[in-house]
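Visitor: Could you walk me through this model, one feature at a time?
Guide: Gladly; let's put the model up and begin.

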Amino acid sequence: MIYLLIAILLFTAVCILSAAASRKTDSNLVSLIINVFSMLGPAIVLAPAFIAKKSIPSIKYAMVMAALAGISVGLFSMTINKSYTVNKVGVVLPVIFGGTMLLSTVLSYFIFKETLKGFELVGLGLILAGISFIIYARV
């Protein structure tokens, strides 16, 4: 649970800081800087293993999925930072992340065979309702 809380705090910082930066300079430059600096943490964590020449297991499928995820992060960074330049942060974030929760839940059903029950489904319904209200208010 602690990792979830830390992730929430850090991702909130990313969203607010990148929105502030995107409104003052080119959003693609902001995306480049974010993605370059985002490599530092994992590189620092993995550096001791490389220095000690320890073997790091790599499964081809996992490496391909990680590479595709990296490409997705770069493209996501570019589109969300552009969104910050033309929309309010209070509109961009709920729509993107609420939509992400809905879409990834549906995809996880088909890809990972995960299921939801009771209150989880109610929560997703509320997210959908919230996104609908935000989009309706913008029209």
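**Reading the model together**

Guide: Let's start with one residue: Ser27 lies in helix α2. Keep in mind that this is a predicted model.

Visitor: Is Ser27 buried or exposed?

Guide: The general idea is to compare the relative accessible area with a cut-off, and buried means under 20%. Ser27 has 8% relative accessibility, so Ser27 counts as buried. Leaving aside residues up to four places away in sequence, Ser27 touches Ser22, Asn81, Lys82 and Thr85.

Visitor: How far can I trust the coordinates?

Guide: Where pLDDT is low, the predicted coordinates should not be read in detail. For the protein chain here, the mean pLDDT is 90, and 99% of the residues reach 70 or more.

Visitor: Which elements have the lowest and the highest mean pLDDT?

Guide: Helix α3 (residues 40–51) has the lowest, at 87, while helix α2 (residues 27–38) has the highest, at 94.

Visitor: How do I read the way α2 and α3 are placed?

Guide: Look at the axes and the angle between them. The axes of α2 and α3 come within 5 Å and cross at roughly 15°. Angles under 35 degrees count as roughly parallel, so α2 is roughly parallel to α3. On the α2 side, Val36, Phe37 and Ser38 meet Leu40, Gly41 and Pro42 of α3. Sorted by class, this contact of α2 with α3 has 4 nonpolar and 2 polar residues, with no charged ones.

Visitor: What about α1 and α5: at what angle do their axes cross?

Guide: Helix α1 (residues 2–22) and α5 have axes that come within 11 Å and cross at roughly 135°. That angle makes α1 oblique to α5, because it falls outside the ranges for roughly parallel, roughly antiparallel and roughly perpendicular. The crossing of α1 past α5 is right-handed.

Visitor: Which residues make that contact?

Guide: From α1 come Phe11, Cys15, Ile16 and Ala19, and from α5 come Val89, Leu93 and Phe97. By class, the contact of α1 with α5 has 7 nonpolar residues, with no polar and no charged ones.

Visitor: One last stop: where is Lys113 found?

Guide: Lys113 sits in the loop between α5 (89–111) and α6 (118–138). For a backbone feature, check the sign of phi: in Lys113 phi is near 60°, a positive value in a residue other than glycine.

Visitor: And why does Lys113 count as exposed?

Guide: Exposed means over 50% relative accessible area. Lys113 has a relative accessible area of 63%, so Lys113 is exposed.

Key:
Residues are numbered from 1 along each chain as its sequence is written. This is a predicted model: local features need pLDDT of at least 70, side-chain atom pairs count only at pLDDT 80 or more; totals for chains, interfaces and linings use all residues. Side-chain values use heavy atoms; hydrogens and water are left out. Helices (H or I, at least four residues) and strands (E, at least two) are DSSP runs, numbered from the N terminus. Buried means under 20% relative accessible area, exposed over 50%, partly exposed in between (1.4 Å probe, protein chains only). Axes are lines fitted to C-alpha atoms, for helices over the stretch in contact, and angles run from 0 to 180 degrees between N-to-C directions. Angles under 35 degrees count as roughly parallel, over 145 as roughly antiparallel, 65 to 115 as roughly perpendicular and the rest as oblique. A crossing is left-handed if the near helix is turned anticlockwise from the far one by less than a right angle, and right-handed if clockwise. Contact means heavy atoms within 4.5 Å. Ala, Val, Leu, Ile, Met, Phe, Trp, Tyr, Cys and Pro count as nonpolar, Asp, Glu, Lys and Arg as charged, and the others, Gly among them, as polar. pLDDT is the predictor's confidence in each residue, from 0 to 100.
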